[in-house]
Amino acid sequence: MSQPKTTDPVPEDKAAEEEQPRSPREIRLVMVGLVVTMLLAMLDNLIVGTAMPTIVGDLGGAEHLSWVVTAYTLATAASTPIWGKLGDMYGRKGTFLTSIVIFLVGSALSGLSQNMNELIGFRAVQGLGAGGLMVGVMSIMGALVPPRDRGKYQGMFAAVMALATIGGPLVGGFITDHLSWHWTFYINLPLGVVALAVVVVTLKLPKVRSTAKIDYAGAVLLTTGITSLVLITTWGGQQYPWGSKQILGLAALAAASLIAFCYVEQRVEEPMLPLSLFKNLNFTLVSIIGFVVGFVMFGSTVFLPLYQQIVQGASATNSGLLLMPMMFGMLVVSLVVGQAVTKTGKYRIYPIIGTLVMTAGMVLLSTMGTTTSSFTSACWMVVLGAGMGFLMQITMLVAQNSVELKDMGVASSTATLFRTIGGSFGVALFGALFNNRVADTMKEKLGEQAGAGGVKDPGQMSPAALRTLPENIQDAYHHAVSNGMHTVFLWGAGVAVIAIAAAVFLREVPLRGTGKGEKPAEASLEAAAV
């Protein structure tokens, strides 16, 4: 159904039109494009990560290796809130298609790279597009399907996440071994073309164009603040000491930028991120929960395979399979919770249960030692995955239900941004805690011999390199890694308690249903406001 173009900001009747119930067939057709796009967004880093040793061997420039990932991450995080706002102002379909095209152009150029500097630049282009992929999927889903009915489909997104986590490294390894590293980028092209075609043909949304000026100052300040935070978590304790002038300077820049951003947002006609959204208690609380979920999830997925490979002797060849128990728990619980929310319309209890189970999972994982069996660790991973399964889709659901349709893009991008920033902080903090504990344990067990046999950077010892060392050093390192995991997950459990507190204070605001033209009831929104 083609809609006339308007030159006004999104009016109430357009918002109502967006929320008119769609037929199951129409939603299923659009979902094909959304699922493929989400798969694109999640697979990329996992596939590319597997191919990085080969890429470095071909292009050289190993000293710039970290920037291949950092450039993509920075561009993705910085552009996420901008894509959300542009979707609200100029229409979700157009901005979503634009982000896919930019991502595909970046993918093609990355595959054509002739040196490391080109690859880093093109990965940044790819990241700019990637910032709009997940936001576009979630905001379009929010526009097409009322929150009450969204549980029918959220299991599909959980399944995509599990598929990407498990299949990404497998696909990356296969492509690298049997084709060439260039195809780790080219593989995005056919998938992206399918997503583009399906979305163009099946997605029908009103064409909206706002006459309000784009908040350029807010965009620049927010981008500067996000970029500074990501660089702090990327470089801190790795490239530069935490107390170095570089890290402290970035911290000062982040603080100044975000304070200035808050000042600007209160004075512009169409703010990039309306701070009034945070007056809504539920929106603020699920943003906090999302940050903690990102913190726990990304930290866990980085360090669990390390423990399994070093201490338990698991093969690194199919590293994605190592996380299967956690993904299984997440997928099953997400499916059950989604159906329960659709059936009852109630959701408050699930974040409470989820944060408690997630915390319990972190505590259980902190008990792993050198003698812990693979079966036991898999069981604890299922518990952690189950906790995240209660939370992954519910946090987005509550965030979108807490705003009017005109702010759906901003709500989706903010929820995504908090989870991304949480993941960056989780990896950085867990990495610092892990490396320090490993180094301390090695010194305790080996004394001056701790640096012998090539054990100079304890957090980076590979399983293959470890097997070449004397038996006593291997045993000490096994204990050191176990102690490091204990510290990481115990601290993670402490952070997860914050999410429990936030979940307890959530309010049961009725989910918008399938009524024609139904909008968020003012009374409901005010009930959730501080």
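This passage describes the overall make-up of a predicted model, the packing of two helix pairs and the surroundings of three buried residues.

The chain contains 18 helices and zero strands. Of its 530 residues, 56% count as buried. The accessible surface of the chain amounts to about 21100 Å², and carbon and sulfur atoms account for 66% of that area. When contacts between residues at least 6 apart in sequence are considered, 83% of them join residues at least 24 apart.

Helix α11, which spans residues 281-310, takes part in two of the helix pairings described here. Two packed helices are described by the angle between their axes and the distance between the axes. In the pairing with helix α17 (residues 471-504), the axes come within 9 Å and cross at roughly 165°. Because angles over 145 degrees count as roughly antiparallel, α11 is roughly antiparallel to α17. The crossing of α11 past α17 is left-handed. Sorted by class, the residues of this contact comprise 20 nonpolar and four polar ones, with no charged residues.

The second pairing joins α11 to helix α13, which covers residues 349-365. Here the helices pack at an angle of about 30°, and their axes lie 12 Å apart. Since angles under 35 degrees count as roughly parallel, α11 is roughly parallel to α13. α11 also passes α13 in a left-handed crossing. On the α11 side, Val292, Val293, Val296, Ser300 and Leu304 are in contact, and they meet Met358, Met362 and Leu365 of α13. By class, this contact has seven nonpolar residues and one polar residue, while charged residues are absent.

Individual residues were also examined for burial and for contacts with residues beyond four places in sequence. Met138 is located in helix α5 (residues 116-144). Its relative accessibility is 8%, so Met138 counts as buried, the limit being under 20%. Beyond its sequence neighbours up to four places away, Met138 touches Met38, Gln393, Met396, Gln400 and Ser412. Leu397 lies 259 residues from Met138 along the chain, yet the C-alpha atoms of the two residues are separated by 9.4 Å.

Thr176 belongs to helix α6, which runs over residues 151-178. With a relative accessible area of 15%, Thr176 is therefore classed as buried. Neighbours within four places in sequence aside, the contacts of Thr176 are with Ala51, Thr54 and Thr184. Ile55 is 121 residues from Thr176 in sequence, and the C-alpha to C-alpha separation of this pair is 9.2 Å.

Thr441 is placed in helix α15 (residues 408-446). A relative accessibility of 2% means that Thr441 counts as buried. Apart from neighbours within four places in sequence, Thr441 is in contact with His479, Ala480 and Asn483. These three numbers fall within the range of α17, residues 471-504.

Methods. Residues are numbered from 1 along each chain as its sequence is written. This is a predicted model: local features need pLDDT of at least 70, side-chain atom pairs count only at pLDDT 80 or more; totals for chains, interfaces and linings use all residues. Side-chain values use heavy atoms; hydrogens and water are left out. Axes are lines fitted to C-alpha atoms, for helices over the stretch in contact, and angles run from 0 to 180 degrees between N-to-C directions. Helices (H or I, at least four residues) and strands (E, at least two) are DSSP runs, numbered from the N terminus. Angles under 35 degrees count as roughly parallel, over 145 as roughly antiparallel, 65 to 115 as roughly perpendicular and the rest as oblique. A crossing is left-handed if the near helix is turned anticlockwise from the far one by less than a right angle, and right-handed if clockwise. Ala, Val, Leu, Ile, Met, Phe, Trp, Tyr, Cys and Pro count as nonpolar, Asp, Glu, Lys and Arg as charged, and the others, Gly among them, as polar. Buried means under 20% relative accessible area, exposed over 50%, partly exposed in between (1.4 Å probe, protein chains only). Contact means heavy atoms within 4.5 Å. Accessible areas come from the Shrake-Rupley method with a 1.4 Å probe; for residues, only the protein chains shown count as cover.
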